Amino acid sequence: MILPLAYSFCNVPVMPLRSEPDHRAEQTSQLLFGEKALIIEINKQEWARIQCAWDGYEGWCKKSQLTNITKKEYGKEVKYLAANHTAKLIMPAGDIWLPLGSELTGMKGGKIKPVHDTGTFKGKKLNIREAKLNCDNLKEAAFQYLNSPYQWGGRSIAGIDCSGLTQMAFKLCNHPLPRDASQQAHEGTLVDFLQHAECGDLAFFDNKDGKIVHVGILLDNQHIIHATDTSGRVVTDRIDQGGIISVSLRMRTHNLRFVKRIMK
């Protein structure tokens, strides 16, 4: 059990989460605006080690990109997410972009106070209580990231990785997934053959050492949407029992390990 120094939420559109307290360290994930985190420690350079509320992921970020809240506020369920790529907070000193999936933490009467000033929310919002995990909703969520550039550790349209795409698509359907592909591989139930796969199943891929290194969302048992550095972006490709066949590159790019069913 973690005893936090403080409770907080991300006050910038996209906040890098790093493996070490250094701007040059690997970006392992990101927090989007409004996503909550426990502050575990703060060093002399004002780097904070945090644990993300959504997926339990830990890493380092700049303390200045977090806003402290009370334990009671931290425990409150967020009702709304930003539901498109153009949502923003209208602020006195300049607007703040709110990426798809941002949490509208502390919103009252359409107003949010990220730091010192209060802003007015403008954009489409998703009532998370009404979000349902089904094939149509999951495809709609995933396709909102189509052609987004591949970025290691990314979780937004400005840059996203394979497990970031699956995590965000499921988040928009109110279903939490762990952050990394290797962690997501432990979720759900095994599908015995690819031909038995259905829309919304997750396909996992390994490297030569047998380590899970990639994940994508099946659209049916022959097509997949995934974020891949091979194509440099989020794409739809063909899949067979051997793995992914890139449509644009006309070559096999990933070796299929297994398929898991998340939706019941």
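**View A. The second largest pocket of this predicted model holds about 420 Å³ of space.** Let us start with the residues around this pocket. Its lining is made of 23 residues, and Trp-152, Cys-162, Ala-181, Ile-212 and Val-213 are the ones nearest the pocket's centre. Sorted by class, the lining has 8 nonpolar, 9 polar and 6 charged residues. Which parts of the chain supply at least two lining residues each? They are helix 3, helix 4 (181-184), strand 18 (212-218), strand 19 (223-228) and strand 22 (251-261). Strand 18 gives the most, with 3 residues.

**View B. Helix 3 runs over residues 162-171 and is mostly covered.** You have just met helix 3 as a supplier of at least two residues to the lining of the second largest pocket. Are the residues of this helix buried or exposed? Of its 10 residues, 10 are buried. Follow the helix along the chain and you will pass Cys-162, Ser-163, Gly-164, Leu-165 and Thr-166, and then Gln-167, Met-168, Ala-169, Phe-170 and Lys-171, which are buried in this model.

**View C. Cys-162 is a buried cysteine that takes part in no disulfide.** Cys-162 is among the residues nearest the centre of the second largest pocket, and it also belongs to helix 3. How much of Cys-162 is accessible? Its relative accessible area is 8%, and since buried means under 20%, Cys-162 counts as buried. Now look for a possible partner: the nearest cysteine sulfur belongs to Cys-52 and is 17 Å away.

**View D. Cys-135 and Cys-199 form a disulfide, with their sulfur atoms 2.1 Å apart.** How many disulfides does the structure hold? The structure holds 1. The torsion about the S-S bond of Cys-135 and Cys-199 is about 90 degrees, so this disulfide is right-handed. Cys-135 sits in helix 2 (residues 135-143), while Cys-199 sits in the loop between strand 16 (189-191) and strand 17 (202-206), so the pair ties together parts that are 64 residues apart in sequence. The partners also fall into separate accessibility classes: Cys-135 is partly exposed, at 24% relative accessibility, whereas Cys-199 is buried, at 15%.

**View E. Cys-173 is a buried cysteine whose sulfur is too far from another for a bond.** Which cysteine has the sulfur closest to that of Cys-173? The closest is Cys-135, but the gap between the sulfur atoms is 9.9 Å, so a bond is ruled out. Cys-173 has a relative accessible area of 3%, which places it among the buried residues.

**View F. The largest pocket has a volume of about 500 Å³.** Of the 18 residues that line it, Leu-104, Thr-105, Gly-106, Met-107 and Lys-108 are the closest to its centre. What classes of residue make up this lining? The lining has 7 nonpolar, 3 polar and 8 charged residues.

**View G. A search of the whole structure finds 1 cavity of 30 Å³ or more.** The largest cavity contains about 30 Å³ of space. Which residues line it? Gln-30, Leu-31, Glu-35 and Lys-36 belong to the lining, together with Cys-52, Ala-53, Trp-54, Asp-55 and Arg-155. This lining divides into 4 nonpolar, 1 polar and 4 charged residues. You may recognise Cys-52 here: its sulfur is the nearest cysteine sulfur to Cys-162.

Conventions:
Residues numbered from 1 in each chain as written. Predicted model: local features only at pLDDT ≥ 70, side-chain atom pairs only at ≥ 80, totals over all residues. Heavy atoms only, no water. Buried < 20%, exposed > 50% of the residue type's maximum accessible area, 1.4 Å probe, protein only. Helix = DSSP H or I, 4+ residues; strand = E, 2+ residues; numbered from the N terminus. 1 Å grid on protein atoms, 1.4 Å probe; cavity = no way out; pocket = protein on both sides within 12 Å on 5 of 7 lines; lining within 4 Å. Points joined across faces, edges and corners; volume = space filled by probe spheres on them. Nonpolar A, V, L, I, M, F, W, Y, C, P; charged D, E, K, R; others polar. Disulfide = S-S within 2.5 Å.
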